[in-house]
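Work through the exercises below with the coordinates open. Each task is followed by a solution in steps.

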Protein chains: 2
Amino acid sequence: MSASKRDDLVQNALKAFNRGGYHAIGMDKLAAETGVSKTAIYKHFRTKEDLIVATLRLRDEQFRNWMVRRVEALASEPKGQLLAAFDALAEWFREPGFQSCMFIKASSEYQDRAHPIHATAAEHKRLLFQYLSKLADEAGVEDAEALAHQLLILTEGAIVLAHLHDPETAAANARAAAETLIEQALI
Amino acid sequence: MSASKRDDLVQNALKAFNRGGYHAIGMDKLAAETGVSKTAIYKHFRTKEDLIVATLRLRDEQFRNWMVRRVEALASEPKGQLLAAFDALAEWFREPGFQSCMFIKASSEYQDRAHPIHATAAEHKRLLFQYLSKLADEAGVEDAEALAHQLLILTEGAIVLAHLHDPETAAANARAAAETLIEQALI
DNA sequence: CACAACATTTACCGATCGGTCAATCTTGAA
DNA sequence: TTCAAGATTGACCGATCGGTAAATGTTGTG
């Protein structure tokens, strides 16, 4: 299997897991939806869980790249970029077929902290924290990590409520809260 | 089966689902862990999903009762009670075997908004919102619903990060953010 | 004690689970 | 053109999935 076919497989697996959940999508269904036979899949991934970790790593890369690009397109100053992260969030929520966050769902299905899938999800959120922390620091916030923690909490809460209740309400309220917290952190 | 035995069943099912997840715990394992045979379970619940909904309803009642009691024990004034909700959250996170929130996990495994399990989870969060909204109103906040939305976002985000990263850090930062938002809403 | 009514169990259903294997197909170098 | 190497396949593995049926216990009432 070529590298690009393998990427296709992971990309399609990502879509399937996103739509159906991790336990709910079996390997037979996965083979059918990706167009790659089970045996071919198992040539490249030792277990289903290895494949899930690979999809999470791909999603981590895609999502953080997208987020950074959107933030930089929406604002040029670090302070404005902190707030722009929440505008990007709103854009994400509006995407057709938005189904909450792969990593939150992964940690829900694989609860044990020691599990590689859970750990991969935790790592993704840690990288998001670092990004927010960098922006806060550049914006001149004294305790940049404290603000980054607070903004990350808003982000995760907004995702959960966008999925459970209403995307627009969640995005708007998270943005408003972020604005207040950023302003206070800069006094 | 007596009413109390049925309650025992649901209570034990709640523990099992909480520990293992919904898809991951099969009916055979559930029968073994609750001490009630599958046939006996199916005498009272038409499907596994009906049983899950029953466990969520029980958890909703238990959790909200507990939260209200803790909040009232920790503070007597509405404004203080808004903040006390986050102290209660910290207490919950510290409980041994804390495994995130049953409702977030349920909505992760049953993503379709039309699904009864997802709807039950959404309803629980709506009731929490109403509670926060009432407290905010009593505290004299002008736009009580806006503040309640923001505090609910903090709550959900703190739960997610308590599970993925660190309970103490998540609780402390959510509390600090809540304090800022409450103060600003009262100006 | 007799017995009907109900609760509970064991054994089983077809379907699907994650994963494997022998056989077939494709392909590129000699 | 041949043929070995690697990719791919469908068929299959035992285990478990959600759910059911027939048989066995249990219990309150006459």
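The exercises go from the fold of one chain to the interface and then to a single residue; the model is a predicted one.

**Exercise 1. Describe the secondary structure and overall dimensions of chain A.**

Step 1. Count the elements: chain A contains 9 helices and 0 strands. Along the sequence the pattern reads α-α-α-α-α-α-α-α-α.

Step 2. Take the extents. The C-alpha trace of chain A spans about 60 × 35 × 30 Å along its principal axes.

Step 3. Compare the radius of gyration with the globule rule. For 187 residues a compact globule would have a value near 16 Å, and the 18 Å of chain A agrees with this.

Step 4. Look at packing. Of the 187 residues in chain A, 39% count as buried. Among contacts in chain A with a separation of 6 or more, 59% join residues 24 or more positions apart.

**Exercise 2. Determine which elements of chain A form the side that touches chain B.**

Step 1. Count the contact residues: 38 of chain A meet 38 of chain B.

Step 2. Assign them to elements. Those giving two or more residues to this side of chain A are helices H6 (102-109), H7 (116-138), H8 (144-164) and H9 (167-186).

Step 3. Find the main contributor. H8(A) supplies the largest share, 14 residues.

Step 4. Sort the side of chain A by class: 17 residues are nonpolar, 17 are polar and 4 are charged.

**Exercise 3. Find the operation that lays chain A on chain B.**

Step 1. Superpose the copies. A turn of 180° with a shift of 0.0 Å along the axis gives an RMSD of 0.0 Å.

Step 2. Name the relation: this is a two-fold axis.

Step 3. Locate the axis in chain A. The nearest C-alpha of that chain belongs to A:Gly157, 1.8 Å from the axis.

Step 4. Check the contact surfaces. Both copies use the same surface, as 100% of the contact residues of chain A recur in chain B.

**Exercise 4. Decide whether A:Ala121 is buried or exposed, and list what it touches.**

Step 1. Place the residue: A:Ala121 is part of helix H7 of chain A.

Step 2. Apply the cut-off. A residue is buried if 20 or more other C-beta atoms lie within 10 Å of its own. A:Ala121 has 28 C-beta neighbours inside 10 Å, so it counts as buried.

Step 3. List the contacts, leaving out residues up to four places away in sequence. A:Ala121 touches A:Leu56, A:Phe103, A:Ala106, A:Ser107 and, across the interface, B:Leu164.

Step 4. Take one pair further. A:Ala121 and A:Ser107 are 14 residues apart along the chain, and their C-alpha atoms are separated by 6.5 Å.

Methods: Residues are numbered from 1 along each chain as its sequence is written. Chains are lettered from A and ligands numbered from 1 in the order in which they are written. This is a predicted model: local features need pLDDT of at least 70, side-chain atom pairs count only at pLDDT 80 or more; totals for chains, interfaces and linings use all residues. Two residues are in contact if their C-beta atoms, placed from the backbone, lie within 7 Å. Helices (H or I, at least four residues) and strands (E, at least two) are DSSP runs, numbered from the N terminus. Ala, Val, Leu, Ile, Met, Phe, Trp, Tyr, Cys and Pro count as nonpolar, Asp, Glu, Lys and Arg as charged, and the others, Gly among them, as polar. Copies are superposed by least squares on the C-alpha atoms of residues with pLDDT of at least 70 in both. A residue is buried if 20 or more other C-beta atoms lie within 10 Å of its own, exposed if 12 or fewer, and partly exposed in between; C-beta atoms are placed from the backbone. The radius of gyration is taken over C-alpha atoms; the globule rule is 2.2 Å times the number of residues to the power 0.38.
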